[in-house]
Amino acid sequence: MTMAIHFVADLHFNGDSARNALPYGFSDSVELARRICDVWRARVAPDDTVWILGNVGNPVHLAGLPGRKHLVRSAADPRSWNCLATGRYESVCERQYLGTPHGALMLVSDPAQAGESDALVLHGRARGDWRRAGFVCVSAAMTGWGPASLDEIARRAFGAALPGLSRAA
C-alpha cells in the first residue's frame with residue numbers, strides 16, 4: 001500500500017465558537033471539531049502525510065488523528081518553536097515547495113504570500129474571493145471538512161487524477 005499525501009487548512013479547532021461554526025451550519029466549535037476529526041479518520045491512514053496550511057486553533061485534537069503532520073504556519077498560528085514543542089508536527093514552516101511526480105506544489109496559508117511561482121499553489125481560506133488560475137483552496141470548508149488527497153486536488157485543479165500517488169481510488 002502506497003502512502004498518500006493530503007492537504008487541509010483552516011481547522012479552527014475550539015476557536016471563536018460561533019464565528020467559525022455557525023456560518024457552516026454547526027451549532028458550535030465542538031460540533032465542527034468532531035466533524036473534522038471524523039472525516040480525517042475516514043480519509044487518512046497512519047502512514048499518510050498531511051500538510052496543514054495554517055489556522056489550526058487548539059492543536060490538542062491532532063494528537064489522536066492519523067498521519068504524519070506538517071504545518072505551514074499562518075499568522076494566527078503560534079511561532080514555529082511553540083508549534084514544534086507540542087510534538088504534534090514533524091515540521092513547521094512558513095511556506096513549502098513540495099515536489100510530486102506530477103510537478104511542484106507551493107504550500108502557503110495565505111495565497112497573497114505565494115509570490116511568483118510556476119508551481120500549483122495550495123492555500124488556506126483567503127480574505128474575499130481568491131479564485132485565480134493555478135491556485136487551489138484547501139480550507140476544511142472547501143474539502144468536505146477534512147484533508148483532501150493529492151488525487152482529489154488534481155481532479156479539482158486539472159480534472160484528472162494523478163496515477164500512483166494515493167492508496168486507492
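The legends below describe an overview and several close-up views of a predicted model of one protein chain.

**Figure 1. Overview of the predicted chain and its elements.**
The chain contains 4 helices and 9 strands. Read from the N terminus, these elements follow the order β-α-α-β-β-α-β-β-β-β-β-β-α. Of the 169 residues in the chain, 48% are buried. The accessible surface amounts to about 8,400 Å², and carbon and sulfur atoms account for 51% of this area. Where contacts join residues at least 6 apart in sequence, 49% of them link residues at least 24 apart.

**Figure 2. The largest cavity and the residues that line it.**
The model holds 2 cavities of 30 Å³ or more. The space in the largest cavity is about 60 Å³. Its lining consists of Asp10, Leu11, His12, Asn20, Tyr24, Leu32, Arg125, Ser139, Ala140, Ala141 and Trp145. Sorted by class, the lining residues are 6 nonpolar, 3 polar and 2 charged.

**Figure 3. Trp145, a lining residue with a positive phi.**
Trp145 belongs to the lining of the largest cavity. The residue is located in the loop between β8 (135–137) and β9 (148–149). Its relative accessibility is 13%, and Trp145 therefore counts as buried, since the limit for this class is under 20%. The backbone of Trp145 has a positive phi of about 70°, although the residue is not a glycine. Most residues other than glycine have a negative phi.

**Figure 4. Asn55, a loop residue with a positive phi.**
Asn55 is situated in the loop between β2 (49–52) and β3. Although Asn55 is not a glycine, its phi is positive, at about 60°. With a relative accessibility of 16%, Asn55 counts as buried.

**Figure 5. A salt bridge within helix α2.**
The whole structure contains 4 salt bridges, and one of them joins the side chains of Asp38 and Arg41. Side chains of opposite charge can pair when their charged atoms come close. For Asp38 and Arg41, the distance from N to O is 3.9 Å. Both residues belong to helix α2 (residues 29–43), where they stand 3 residues apart, about one turn of the helix. Asp38 is partly exposed, at 45% relative accessibility. Arg41 is also partly exposed, with a value of 44%.

**Figure 6. A salt bridge between two loops.**
The side chains of Glu94 and Arg73 form a salt bridge with an N to O distance of 2.7 Å. This pair connects distant parts of the chain, 21 residues apart. Glu94 sits in the loop between β4 (91–93) and β5 (96–100), whereas Arg73 sits in the loop between β3 (68–72) and α3 (80–85). Which partner is buried, and which is partly exposed? Arg73 is buried, because its relative accessible area is 10%, and buried means under 20%. Glu94 has a relative accessible area of 45% and is partly exposed.

**Figure 7. A salt bridge within helix α4.**
Arg155 and Glu152 are joined by a salt bridge, in which the closest N and O atoms are 3.3 Å apart. Both residues lie in helix α4 (residues 150–158). They are separated by 3 residues, about one turn of the helix. The relative accessible area of Arg155 is 39%, so this residue is partly exposed. Glu152 is likewise partly exposed, at 30%.

**Figure 8. Leu122 and the residues it touches.**
Leu122 forms part of strand β7. Its relative accessibility is 0%, and Leu122 accordingly counts as buried. Which residues does Leu122 touch, not counting residues up to four places away in sequence? The partners are Phe7, Leu53, Leu105, Met106, Leu107, Val108, Val136 and Ile153. The C-alpha atoms of Leu122 and Ser109 are separated by 8.1 Å, and the two residues are 13 apart along the chain.

**Figure 9. Pro111 in the loop between β6 and β7.**
Pro111 occupies a position in the loop that connects β6 (103–107) with β7 (120–123). With 2% relative accessibility, Pro111 counts as buried. Pro111 and His123 are 12 residues apart along the chain, and their C-alpha atoms are separated by 5.6 Å.

Technical notes: Residues are numbered from 1 along each chain as its sequence is written. This is a predicted model: local features need pLDDT of at least 70, side-chain atom pairs count only at pLDDT 80 or more; totals for chains, interfaces and linings use all residues. Side-chain values use heavy atoms; hydrogens and water are left out. Buried means under 20% relative accessible area, exposed over 50%, partly exposed in between (1.4 Å probe, protein chains only). Contact means heavy atoms within 4.5 Å. Accessible areas come from the Shrake-Rupley method with a 1.4 Å probe; for residues, only the protein chains shown count as cover. On a 1 Å grid over the protein atoms alone, a cavity is a set of points where a 1.4 Å probe fits but cannot get out, and a pocket is an open set with protein on both sides within 12 Å along at least five of seven lines; lining residues have an atom within 4 Å of a point. Grid points are joined across faces, edges and corners, and a volume is the space filled by probe spheres set on the points. Ala, Val, Leu, Ile, Met, Phe, Trp, Tyr, Cys and Pro count as nonpolar, Asp, Glu, Lys and Arg as charged, and the others, Gly among them, as polar.
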